[in-house]
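Subject: Structure for you to look at

Hello,

Here is the structure I promised to pass on. Please open it alongside this email, and I will go through what turned up.

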Amino acid sequence: MAEAPLLVACSVFRPELEALVARGELDLPLRFFDSALHMEPARLAGCLDAAVAEAGGRCLLCYGDCDPGMRQRCRGGSARVPGPNCVAILVGRERWRAWMHEGAFVLLPEWARRWRELLMRL
């Protein structure tokens, strides 16, 4: 039996993914990278490339289009969950589109807790 792929995810997904593991609904090894890395695309790309290489190219990436090379990482044994960003991945593309049409601003819990730290990086 082949080894399970590594699920590499943005830390905004940590609560949901860890809950799925705790309930026995997800049986994959997890690795999370800090959500603030999306503001440093080159650094994020380096982290993702290293994780994919360490996993022998067998990864499931739980990321939106956070860096220009995201789609190219999904070659060989890797794949990416569909969605342009974390909100669309969490709530689904149709709901996300409806919210954007309404002019909604979505603040995820991790960013709500860390807003001061994250905004100081700008």
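How many positive and how many negative side chains does the protein have, and how far apart do the centres of the two sets lie? There are 16 positive and 15 negative side chains, and the two centres are 3 Å apart. Please keep in mind as you read on that this is a predicted model.

Now the overall picture. The protein contains 6 helices and 4 strands, and along the sequence they come in the order β-α-β-α-β-β-α-α-α-α. With a radius of gyration of 15 Å, close to the 14 Å that the globule rule gives for 122 residues, the protein is as compact as a globular protein of that length. The C-alpha trace spans about 45 × 30 × 25 Å along its principal axes.

Some totals for the chain may be handy too. Of the 122 residues, 33% are buried. The accessible surface is about 7,600 Å², and carbon and sulfur atoms account for 57% of that surface. If you take the contacts between residues at least 6 apart in sequence, 41% of them join residues at least 24 apart.

A good place to zoom in is S78, in the loop between β3 (59–62) and β4 (79–80). Is S78 buried or exposed? Its relative accessible area is 7%, under the 20% cut-off, so S78 counts as buried. The side chain of S78 has polar partners on the backbone: one of its polar atoms lies 2.6 Å from the backbone oxygen of G57, and a polar atom of this side chain is 3.3 Å from the backbone nitrogen of C59. Leaving aside residues up to four places away in sequence, S78 touches V52, G57, R58, C59 and R73.

Another serine to look at is S11, in the loop between β1 (6–10) and α1 (14–22). S11 has a relative accessibility of 9% and is buried. Which residues does S11 touch, not counting those up to four places away in sequence? They are F32, F33, D34, S35 and E110. Of these, F32 and F33 fall within β2 (30–33).

Next comes A4, in the segment before β1. A4 is partly exposed, with a relative accessible area of 35%. Again setting aside residues up to four places away in sequence, A4 touches D27, L28, P29 and R58. R58 is also among the residues that S78 touches. A4 and A55 are 51 residues apart in sequence, and their C-alpha atoms are 9.7 Å apart in space.

Finally, two residues can be viewed from D67. E40 sits in the loop between β2 (30–33) and α2 (41–54) and is partly exposed, at 28% relative accessible area. E40 and D67 are 27 residues apart in sequence, with 8.7 Å between their C-alpha atoms. M100 belongs to helix α4 (residues 93–101), and M100 is partly exposed as well, with a relative accessible area of 37%. How far is the C-alpha atom of M100 from that of D67? The separation is 21 Å, for residues 33 apart along the chain.

If you would like somewhere to start, try the side chain of S78 and its polar atom 2.6 Å from the backbone oxygen of G57.

Best wishes

Methods: Residues numbered from 1 in each chain as written. Predicted model: local features only at pLDDT ≥ 70, side-chain atom pairs only at ≥ 80, totals over all residues. Heavy atoms only, no water. Rg over C-alpha atoms; globule rule 2.2 N^0.38 Å. Buried < 20%, exposed > 50% of the residue type's maximum accessible area, 1.4 Å probe, protein only. Contact = heavy atoms within 4.5 Å. Areas by Shrake-Rupley, 256 points an atom, 1.4 Å probe, with all protein chains shown as cover. Lys, Arg positive; Asp, Glu negative; His and termini not counted. Charge placed at Lys NZ, Arg CZ, Asp CG, Glu CD. Polar contact = N/O pair within 3.5 Å; in protein donor to acceptor, adjacent residues only side chain to side chain.
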